[in-house]
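Visitor: I'd like to go through some labels and see what backs them up. Can you take me through the reasoning?

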Amino acid sequence: MNLKSSQTGHYLVFSLRLEKPVVHESLYLLLHDDEGWKIHSEAEALKVLRREAFSEASVKLPPISALEVFDLLREHVRGLQNEVNLLFAKELSQLNQYYKELHQEIASRKQALYYHTYYFDREQQLILEEKKAGQEMQEQGELLKIRFSPQIELKLLMFGELIQGL
Amino acid sequence: MSFVITTQETRASNQAEFNLSEHFLENGIMQISSSLRQHFSFLRDHEEVVFQILGKYEVLGSYRKGSAFVLSLELRTLCLSLKLQPGQKIWLKRSTHSHRIFDVSFPYDNATVDAVMRATVRAREIPQLELEPPAILSLGAVTDWMRDWDLTKREIGSSIELNQWLDEYVRQKEQKKQGLIGLEDVSGIDYYPHQVEAVRKAIFDCHGRVLLADEVGLGKTIEAGLIIHEYMRRREVSKILIVTPASLTRQWQSELKLKFDLDFQLALEPKTLEDESRVIVSLDTVKLRRYQGYFAKNTYDLVIVDEAHKLKNRKTLNYQFVNRISSKFLLLLTATPIQNELLELYNLVHLLAPGALGTLQQFRKRHVHPVNRRQPIQPDELKKMIEPHMIRNTRRSTSLNLPPRRVIMQEVVFAQAERQLYEKVESLIHDFYFMLSSERQGMNQLTMMLFQKLMTSSPQALLESVSGILNRSDLGFEIRDSLMQMETFAQEVIMPAKLTVVLELLEQELKGERVLIFTQFRRTQEVIAEALRKNGVLVHLFYGEMSSKQKEVVVNQFRDQVSVLVSTDAGSEGQNLQFARYMINYDLPWNPMKVEQRIGRVHRLGQKHEVFILNLFVKDTIEEHIVHLLQRKIRLFERIVGELEMILGYMGNELADVDSLDRKIMEIVAKYREHKDQLQHIDQLGEEFVKASSQYASSIMAQDKLFEGLD
């Protein structure tokens with residue numbers, strides 16, 4: 001979203017930091033003009049914040065709720081979510097492939113037992129091994145989820161009024 | 001009407017194409033034509049065939065060799081449910097893992113097949129994790145945020161501050177993109193380019209989950225410290241767990257404090273794990289049941305496992321503990337990822353990235369040589385597979401070779417008074433050692449061991465200890481009598497033989513040099529210092545009870561002035577004293593690890609000159625045997641610092657715990673009066689080290705061959 005060549009109004013500057021699995025940090029500028037609140041990305045935020053003059057006196061901001069800010073950020077966060085999803089899918093698929101192959105191996109060994117004389121003992125061992133693999137798979141899934149559980153930190157850095165246009 | 005399923009193999013995709021027959025759709029009998037027979041030729045009569053659908057379900061069939069068909073009613077049901085007609089095709093692909101497993105594809109999209117499969121066929125589901133990626137802006141996150149929402153609280157007060165904040169923000173962000181940001185704050189150490197590169201690779205290429213497998217002595221601990229520091233600087237970690245062998249916990253703690261100013265707590269009880277965010281715990285401790293509960297319900301940002309070759313066996317509790325611990329980043333540190341077989345490497349990589357090297361059976365088949373289990377079948381392919389998970393620096397790749405180390409054994413001869421005292425101590429030990437308790441109360445075997453060690457350190461130290469014990473009221477008459485005699489003999493020694501030798505050395509050969517003298521005992525340290533001062537030598541003392549600040553001052557003074565630093569073994573842990581090149585071991589610890597740690601203070605990266613190590617030992621005493629053990633059997637003085645820990649890993653018996661070596665030596669001393677008998681039995685102990693060293697050497701050769709080119 002591009003800024004208009006001339007811009008005045010109230011503003012909020014946020015920093016968003018996402019942790020797990022990769023760290024992502026970004027600044028967002030929320031500007032309020034006649035059409036309401038609009039969000040601007042980091043590059044635009046930096047441009048404006050460096051160039052503009054601000055009123056530092058206490059200003060009365062047009063009301064904005066947390067939910068509205070969340071809605072404005074949602075689109076930007078979706079891009080991050082897609083990145084996370086890709087990484088997650090890659091790791092999950094590697095895990096699934098591993099456990100699928102492990103399952104096949106155990107199944108194969110079970111089938112081959114028919115030709116052994118110590119069938120029952122061995123079968124019990126393999127059944128246990130299969131159970132253990134299943135349990136381990138669940139554990140690894142849980143660990144993967146923890147590794148990818150995102151932590152976000154949103155900070156309101158600054159707010160005020162732009163007192164001159166671009 | 002056709003009864004045969006015709007096949008047409010597409011060689012490129014290794015798929016077999018089946019034209020469905022009416023016969024199959026009626027009876028579930030797949031007639032195997034001659035062209036398809038090769039796919040089934042490995043099967044035995046009546047052997048079970050597994051058809052996998054979408055990689056999620058399994059249906060079974062049975063192969064009849066004589067009649068050349070496979071009977072599978074479930075597959076037939078599925079085809080009918082999918083409304084497949086005679087003449088339509090399905091595709092079979094034999095699994096690479098088993099000759100009797102086939103992936104089946106249908107001329108429909110996966111969702112349709114899945115829906116029909118679920119609704120109509122009784123199939124076994126292949127275990128699979130179906131997990132949704134955790135949402136970034138989950139309801140919980142939004143709720144938390146809304147709760148904290150306050151438009152009156154801003155982080156930055158004025159536009160000037162905002163500009164400063166922005167400058168710093170942009171600078172750091174650029175730096176983070178380009179490389180490491182933490183190095184500028186590290187002032188306590190001199191790091192090397194290979195270490196910086198290892199940190200960079202660990203963070204950017206391996207995403208914090210990596211096997212750090214540098215050769216011994218290239219500074220893996222420093223690399224780990226730099227990684228911790230970098231992640232902390234990036235605010236990516238706060239909860240950190242370091243798991244080390246018990247013998248190294250304190251060393252890690254002091255090195256992290258000294259070099260990175262990082263405080264880590266030793267987890268001596270489970271509560272520490274709950275209270276502290278940066279903890280060091282020993283491998284033996286984490287296995288204890290009372291610790292397990294904590295790890296099961298907590299997660300870490302970073303876990304570091306030192307001497308990770310101890311996790312080589314996946315059946316051990318150690319391995320299972322690390323496999324279950326939840327951590328975003330995981331560093332495994334070892335110089336010997338392969339000790340006995342390649343599977344050990346598999347196990348380590350599996351901890352970092354489960355499944356990255358396939359299943360154990362596949363790995364064994366594809367990579368492990370059937371006879372020599374250390375040798376890979378396809379080294380290039382294996383190297384490619386492990387490269388994303390491993391960093392290895394070698395002396396050759398880093399061109400970091402330490403200057404030579406010269407070791408001098410200086411024999412000292414007791415004068416008559418000291419000899420009498422020594423004999424009295426020996427006789428006390430022979431008479432009473434086995435009668436005393438090994439418990440830690442009263443006059444016990446440990447006290448005897450202490451006497452033996454003190455005797456070769458200094459008579460004054462022995463005297464102090466004996467006088468202290470004589471104050472006890474629970475001593476038997478015979479022991480009291482012997483101790484009183486020892487006290488008298490000790491008082492008669494005016495100038496200990498070792499001290500005379502040291503004074504001569506400092507006045508002649510080492511005059512004007514910076515000299516580091518190690519002793520095990522505080523009293524001996526005082527005696528040496530006193531004598532040196534009397535002779536006009538500038539002396540500094542270093543011992544455990546000093547505060548960190550005092551220690552820092554002393555080390556700085558020793559660096560800045562030509563002087564002598566007399567240190568207890570507290571100075572052998574974590575301190576960098578490579579600006580000195582002359583070291584005297586006034587007495588020798590029986591534990592070779594401690595001797596190695598002492599050497600490591602001066603003979604380490606950063607040392608630019610030849611190092612001289614002078615070991616004093618008294619003729620015809622236990623020290624002579626200890627020197628023999630260290631020099632001839634363990635070959636400690638020729639080894640690179642750090643190698644001994646590796647070698648101990650190969651010792652299967654209780655000697656692997658070097659603390660038990662003290663007890664073994666003491667038992668020999670107490671049991672055999674003749675020195676040649678003592679020597680013979682200490683020799684036998686030494687053979688264990690010889691065997692372990694040779695195993696260590698062959699594993700190093702094997703892994704060097706495999707990892708060649710990875711550095």
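Guide: Here come a few labels, each set against its cut-off; keep in mind that this is a predicted model.

Visitor: What makes E25(A) and R235(B) a salt bridge?

Guide: Their N to O distance is 3.9 Å. The cut-off is 4 Å between a Lys or Arg side-chain nitrogen and an Asp or Glu carboxyl oxygen, so the pair qualifies. Across the interface of chain A and chain B, the rule finds three salt bridges.

Visitor: And which elements of chain A supply the side that touches chain B?

Guide: Among those giving at least two residues each are strand 1 (9-19), strand 2 (24-33) and helix 2 (66-112). Helix 2 of chain A brings the largest share, 26 residues.

Visitor: E25(A) also pairs with R17(A), at 3.2 Å. Why is R17(A) called buried?

Guide: R17(A) has a relative accessible area of 3%, and buried means under 20%, so the label holds. E25(A), at 18%, is buried too.

Visitor: Why is K271(B) called partly exposed?

Guide: Its relative accessibility is 48%. Exposed starts over 50% and buried is under 20%, so K271(B) lands in between. Its salt-bridge partner D275(B), 2.7 Å away by closest N and O atoms, comes in at 47% and is partly exposed as well.

Visitor: How do you know that R392(B) and D704(B) link distant parts of the chain, given their salt bridge at 2.9 Å?

Guide: They sit 312 residues apart: R392(B) is in the loop between strand 16 and helix 17, and D704(B) is in helix 29 of chain B. R392(B) is buried at 5%, while D704(B) is partly exposed at 30%.

Definitions and conventions
Residues are numbered from 1 along each chain as its sequence is written. Chains are lettered from A and ligands numbered from 1 in the order in which they are written. This is a predicted model: local features need pLDDT of at least 70, side-chain atom pairs count only at pLDDT 80 or more; totals for chains, interfaces and linings use all residues. Side-chain values use heavy atoms; hydrogens and water are left out. Helices (H or I, at least four residues) and strands (E, at least two) are DSSP runs, numbered from the N terminus. Buried means under 20% relative accessible area, exposed over 50%, partly exposed in between (1.4 Å probe, protein chains only).
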